[in-house]
Amino acid sequence: MQAFWQWIQREGDLPRHAKWLGVAAFALGLACAVMPKTGVLRLEPIAVICGTLCLWAGWSALGYGVFVLLAMDLILSPAFWSGLTHLAKPGSLADSAGAYFDLVGVIAMSVALVRQALVRRAMERAEPETPSDADPT
């Protein structure tokens, strides 16, 4: 546990809030996997928001894992599919809205992943090439 706190507090190229958001999104995604009937509709929207903000802040390492975890939660959850196809209980507009929010959120996470890849590629192209065999004289 000490190593985790040192890792969160370490100043690096990523802001601390991105690390916290990523950890929260991953923990909520795991909770949704344990509770597929209710967790997906109640906790998944929070996990989607945290995961998207984590990815947008620049942390794609955990972002890929959170994206896959949340997408698998949605694919395997019967509550998500019943909310998406309007087969849920009558009057469950909140469940339907939650299912559509989760779907749009996972799509937004995929857009953030593509954005990270494009930013990384642009940064690699912008770095000047330093020839290692160049003669200094």
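This report describes the fold, two helices, the residues of helix α7 and a surface patch of one protein chain.

The model is predicted: local features need pLDDT of at least 70, side-chain atom pairs count only at pLDDT 80 or more, and totals for chains, interfaces and linings use all residues. Residues are numbered from 1 along each chain as its sequence is written, and side-chain values use heavy atoms, with hydrogens and water left out.

**Overall architecture**

The protein chain contains seven helices and zero strands, where helices (H or I, at least four residues) and strands (E, at least two) are DSSP runs numbered from the N terminus. Read from the N terminus, the order of elements is α-α-α-α-α-α-α. Of its 137 residues, 35% count as buried; buried means under 20% relative accessible area, exposed over 50%, and partly exposed in between (1.4 Å probe, protein chains only). The accessible surface of the chain is about 8,700 Å², and carbon and sulfur atoms hold 68% of that area. Accessible areas come from the Shrake-Rupley method with a 1.4 Å probe, and for residues only the protein chains shown count as cover. Among contacts with a separation of 6 or more, 66% join residues 24 or more positions apart, a contact being heavy atoms within 4.5 Å.

**Helices α2 and α4**

The expected span of a helix is 1.5 Å times one less than its number of residues. The table sets this value beside the distance between the end C-alpha atoms.

| Helix | Residues | Expected span | End C-alpha distance |
|---|---|---|---|
| α2 (residues 16-34) | 19 residues | 27 Å | 27 Å |
| α4 (residues 44-57) | 14 residues | 20 Å | 20 Å |

In α2 the expected and modelled spans agree, and they agree in α4 as well. The buried residues of α2 are A18, K19, L21, G22, A25, L28, G29 and C32. In α4 the buried set consists of E44, P45, A47, V48, C50, G51, T52, C54 and L55. G58 follows α4 and has a positive phi, near 115°.

**Residues of helix α7**

A99 lies in helix α7 and counts as buried because its relative accessibility is 0%. Leaving aside neighbours within four places in sequence, A99 is in contact with L41, F80, G83 and L84. The C-alpha atom of A99 is separated by 8.3 Å from that of A79, 20 residues apart along the chain.

D102 is also placed in α7. This residue is buried yet has no salt bridge, and the nearest side chain of opposite charge, R42, is 8.6 Å away. A salt bridge is a side-chain nitrogen of Lys or Arg within 4 Å of a carboxyl oxygen of Asp or Glu; for charge, Lys and Arg count as positive and Asp and Glu as negative, while His and the chain ends are not counted. Beyond neighbours within four places in sequence, D102 is in contact with V40, E44, P45, V48, L74 and F80.

V119 lies in α7 too and is partly exposed because its relative accessibility is 35%. Its C-alpha atom and that of G58, 61 residues apart along the chain, are separated by 9.3 Å.

**The nonpolar surface patch**

W56, Y100, L103, I107 and V111 make a nonpolar surface patch of about 470 Å². Patches are made of residues with over 30% relative accessible area and no salt bridge; like charges are joined within 9 Å and nonpolar side chains (Val, Leu, Ile, Met, Phe, Trp, Tyr) within 5 Å. Helix α7 (residues 93-126) gives the most to the patch, with four residues. Y100 has its place in α7 and is partly exposed, with a relative accessible area of 37%.
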